[in-house]
Amino acid sequence: ERKDGTLAIVLSPTRELAAQVHTWARRVLTTTPWIVSGIVSGGEKPKSEKARLRKGVTLLVCTPGRLLYHLQNTQSFRTDSLRWLVLDEADRLMDLGFEAQLKSIITELSQRHRTPLIQAEPTDSMKSTKLPWQTVLLSATQSKSVNTLVGVALDRPAYVDASQKRKKSEEVKNAQDSI
């Protein structure tokens, strides 16, 4: 329900890319009217964005600066039940100098989160994690700056290379070995 707040956040490096992602999200969500998508990306007055966030936005597409602004200044913006954080075009996020803002966003979200998803003593198949949501980092390239972001934003990362024709288990093993 809308009163549950934001369950998924998609961070895009530019307002234009955020608008494209939001357009596709609305198209995909036409069959699920109970999932409300929204966008906050600058170019609009924060007051009108705050009103939308107050009502509740299940899937929020945003730029880092505007998301950080609302995390710090919009008390009615609920992210305590966040389940997914998607960092779209991570290489561009880093190239455009958003590293400090991304660290602040992750810190703010961690402080606001209601309860960790894993509370009990972890078993071998369920290892403890410091971030209580699933983070997905998407990038066309794997640069040094993207690897820096991996260290900040991901727990137990798994690398998936869409350009190679290797078995999935081999890719995951190689990714874990390199970390």
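**Strands 4 and 5**

I began with the pairing of strand 4 (residues 84-87) and strand 5, which run together in the parallel sense over four bridges; for the terms, strands (E, at least two residues) and helices (H or I, at least four) are DSSP runs numbered from the N terminus, and two strands pair if DSSP finds at least two bridges between them. The model I am reading is predicted, and for that reason local features need pLDDT of at least 70 and side-chain atom pairs count only at pLDDT 80 or more, while totals for chains, interfaces and linings use all residues. Residues are numbered from 1 along each chain as its sequence is written, and side-chain values use heavy atoms, with hydrogens and water left out.

Within this pair I noted that Val 86 stands opposite Val 136 of strand 5. I then followed the side chains along strand 5 (residues 134-137) and found that they alternate, with Thr 135 and Leu 137 buried on one face, and Gln 134 and Val 136 pointing to the other face and not buried. Here buried means under 20% relative accessible area, exposed means over 50%, and partly exposed lies in between, with a 1.4 Å probe and protein chains only.

**Gln 134**

I looked more closely at Gln 134, which lies in strand 5 and has a relative accessible area of 47%, so it is classed as partly exposed. Leaving aside residues up to four places away in sequence, I found that Gln 134 touches Arg 83, Trp 84 and Leu 85, a contact being heavy atoms within 4.5 Å. I also looked up Asp 155, 21 residues from Gln 134 along the chain, and the C-alpha atoms of the two are separated by 8.9 Å.

**Salt bridges**

I searched the whole structure for salt bridges and obtained four, the criterion being a side-chain nitrogen of Lys or Arg within 4 Å of a carboxyl oxygen of Asp or Glu. In one of them Arg 52 is joined to Glu 44, with the closest N and O atoms 2.9 Å apart; Arg 52 is partly exposed at 29% relative accessibility, and Glu 44 is partly exposed at 34%.

For the salt bridge between Asp 80 and Arg 78, the closest N and O atoms are 2.9 Å apart, and I wanted to know which side of the buried cut-off each partner falls on. Asp 80 has a relative accessible area of 16% and so is buried, whereas Arg 78, at 31%, counts as partly exposed.

Lys 103 and Glu 99 meet in a salt bridge at 3.3 Å, N to O, and I placed both in helix 5 (residues 99-112), four residues apart, or about one turn of the helix. An α-helix has 3.6 residues a turn, so residues three or four places apart point the same way. Lys 103 is partly exposed at 38% relative accessible area, and Glu 99 is partly exposed at 30%.

**The second largest pocket**

I gave the second largest pocket a volume of about 180 Å³ and a lining of 13 residues, of which Ala 8, Ala 25, Leu 29, Ile 35 and Leu 59 lie nearest its centre. Strand 1 (8-11), helix 1 (15-28) and strand 3 (59-62) are the elements that give two or more residues to this lining, and helix 1 has the largest share, with four residues.

A pocket here is an open set of points on a 1 Å grid over the protein atoms alone, where a 1.4 Å probe fits, with protein on both sides within 12 Å along at least five of seven lines, and lining residues have an atom within 4 Å of a point. Its volume is the space filled by probe spheres set on the points, which are joined across faces, edges and corners.

**Helix 3 and Glu 89**

In helix 3 (residues 64-73) I listed the buried residues as Pro 64, Arg 66, Leu 67, Leu 68, His 70 and Leu 71. What covers them includes strand 1, strand 2 (37-40), helix 2 (46-55), strand 3, helix 4 (90-95) and helix 5.

I also flagged Glu 89, which has a positive phi of about 55° although it is not a glycine. Glu 89 sits in the loop between strand 4 and helix 4 and counts as partly exposed at 26% relative accessibility.

**Whole chain**

Last, I noted seven helices and five strands in the chain, and that 40% of its 179 residues count as buried.
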